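The following report describes the structure of one protein chain together with its ligand. Please keep the sequence and the model in view while reading.

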Amino acid sequence: MVACESSRWIVYWSKWIRDLMSVDVLSTRLRRHFSSKKIGLHEPQFNCDDSHALLQCLESSFVSSAGPQVDIFETLLCEFTGTRFAVATNSGTSGLHLSLLANEIGPGDEVLLPALTFCASANAILYTGATPNFLDIDNETLGIHMDALSEWLKHCSEKCGSSYRNRYTGRRLAAIMPVHLYGHIGDMDRLQEIADEYKLRVVEDAAEALGSCYNGVHPGNFGQCGVLSFNGNKIITTGGGGMVLTNDKVVYKRVKHLASTARVAGSAPLTHDSLGYNYTMPSLNAALGISQFKKIRRYLKEKRYLFDVYKKICSEIDGIEIFEEPRYCKSNYWLNNCVFDEPLDDIAGTIGRFAQDGIEVRAAWDLMPKLPYLREFPCAPIPNSSLMSKRLLNIPSGPKAFQSWNQADG
Ligand SMILES: Cc1ncc(COP(=O)(O)O)c(C=O)c1O
């Protein structure tokens, strides 16, 4: 018994020391390459074009919903992503909320999503009154595991008229929300096949995936719609903002209508035909978006450069590798991730060690089913998510990190 206890301690301590050493080597190696003292995870970068665009918008006095900026920004995004329609919103979260509403998701419905994501994905589902179902992730894509999805649906679904319902809760299985985590896109062909079989609407959480493609196709072109985020830490930013992308005219019209308080166009007196939301993107933010958008191709190249140099460094350190884009996906590498061979026991200590070198790193989010307000909802077995959430470490990937790296190398 005592021997067993002490060997457990030896295993624990030797793993702790191993982790410590690989973290230490990685932090030291990265520090050597960065020229600036402090490196953020993903700080935005602004230049005179951005300031000029904002000033011009201020001078025009059209800072809210009037003015041409929102239309221009939407058109640019349609051209870039290949979707027919786009609606700019004041956040990615509000875009997700509207996308679900426009697909008629509401109380009595269930929406499937991965257990490892940012809470906004689950929150948007709850805002509609629907119930989230959490699924395991695939370690190769970080998105929903297709076998787990198929198993879950086989296990809990039963046919009910033209749709399927969860036999245990009695609620309609209405939609699936794939999340393109850190910019990586999973097997969208298989996902679509499963969605078709079970009559599920597909609303992509593409908040992190502007510029990523699966088989050459940009998010927003799969299923009913996809939603981008332009929060300050995203690949391009509007300060705060989002964009619903869709090829479905009905969905587009509903999103557009609901985003602007369901106002009836041209009505006098001004009238509203249903419960709407004040979710449109202000012109001021769109003006910044237009000027930021001019840099998207450069940012994508820089992110790939960072991925390449990180990959080389990680390949030289025991116990760590870099996360690579999945098959058929060309990722935007929004946030690069180191993947540790085994779960990190001391995440706070790891973050602290990098901080000593002025480098900001971040662990993956807490799993959704572990959050107190999400614990009660249906959840499939999530072994991959549980381990992977402790093996990932987000490392600096923004334009300032690239610049700092380049200067040090140059
Ligand atoms: C996966 C994911 N979904 C949704 C969102 C929400 O986007 P926003 O912050 O623009 O509301 C984010 C953004 O941070 C995200 O990372």
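## Report on the predicted model

Strand S1 and strand S10 (residues 242-246) pair in the antiparallel sense over five bridges. Helices (H or I, at least four residues) and strands (E, at least two) are DSSP runs, numbered from the N terminus, and two strands pair if DSSP finds at least two bridges between them. The model is predicted: local features need pLDDT of at least 70, side-chain atom pairs count only at pLDDT 80 or more, and totals for chains, interfaces and linings use all residues. Residues are numbered from 1 along each chain as its sequence is written.

**Strand S1 and the open sheet**

Within the pairing of S1 with S10, Ala88 has Met243 of S10 as its bridge partner. Five of the five residues of S1 (residues 85-89) are buried, so this strand is largely enclosed by the rest of the structure. A residue is buried if 20 or more other C-beta atoms lie within 10 Å of its own, exposed if 12 or fewer, and partly exposed in between, with C-beta atoms placed from the backbone. Phe85, Val87 and Thr89 point one way from S1, whereas Ala86 and Ala88 point the other way.

Elsewhere, four strands form an open sheet in the order S11-S13-S15-S14, with antiparallel pairing. Its edge strands, S11 (320-322) and S14 (362-363), each pair on one side only. S14 is joined to S15 (residues 392-395) by two bridges, and Arg362 has Asn394 in S15 as its bridge partner.

**Helices H5 and H7**

Which residues of helix H7 (residues 188-197) are buried? They are Met188, Leu191, Ile194 and Ala195. These residues cover an arc of only 125 degrees around the axis, which puts them on the same side of H7; the arc is that of the directions from the helix axis to the C-beta atoms. Asp196 and Glu197 are exposed on the face of H7 turned away from its buried side. The table lists what the buried residues of H7 and H5 pack against or are covered by, together with the residue just after each helix that takes a positive phi.

| Helix | Buried residues | Elements against them | Residue after the helix, phi |
|---|---|---|---|
| H7 | Met188, Leu191, Ile194, Ala195 | H6 (146-156), S6 (172-176), S7 (201-205), S8 (213-214) | Lys199, about 55 degrees |
| H5 | Ala120, Ser121, Ala122, Ala124, Ile125 | including H4, S2 (109-114), S3 (131-135), S7 | Gly129, about 95 degrees |

**Around the ligand**

Of the 14 residues around the ligand, Ser91, Gly92, Thr93, Ala120 and Ser229 come nearest. The elements that give two or more residues to this shell are helix H4 (92-102) and helix H5 (119-127). A residue is near a molecule or strand if its C-beta atom, placed from the backbone, lies within 6 Å of it. By class, the shell has four nonpolar, eight polar and two charged residues. Ala, Val, Leu, Ile, Met, Phe, Trp, Tyr, Cys and Pro count as nonpolar, Asp, Glu, Lys and Arg as charged, and the others, Gly among them, as polar.

**Two domains**

The domain assignment, which is automatic or from a database, gives domain 1 (21-45 + 295-409) and domain 2 (48-293). Their centres, taken over C-alpha atoms, are separated by 25 Å. In domain 1, 35 residues are in contact (C-beta atoms, placed from the backbone, within 7 Å) with 41 residues of domain 2. On the side of domain 1 that touches domain 2, the largest share, five residues, comes from H12. The residues of that side divide into 25 nonpolar, seven polar and three charged.

Technical notes: Contact = placed C-beta atoms within 7 Å.
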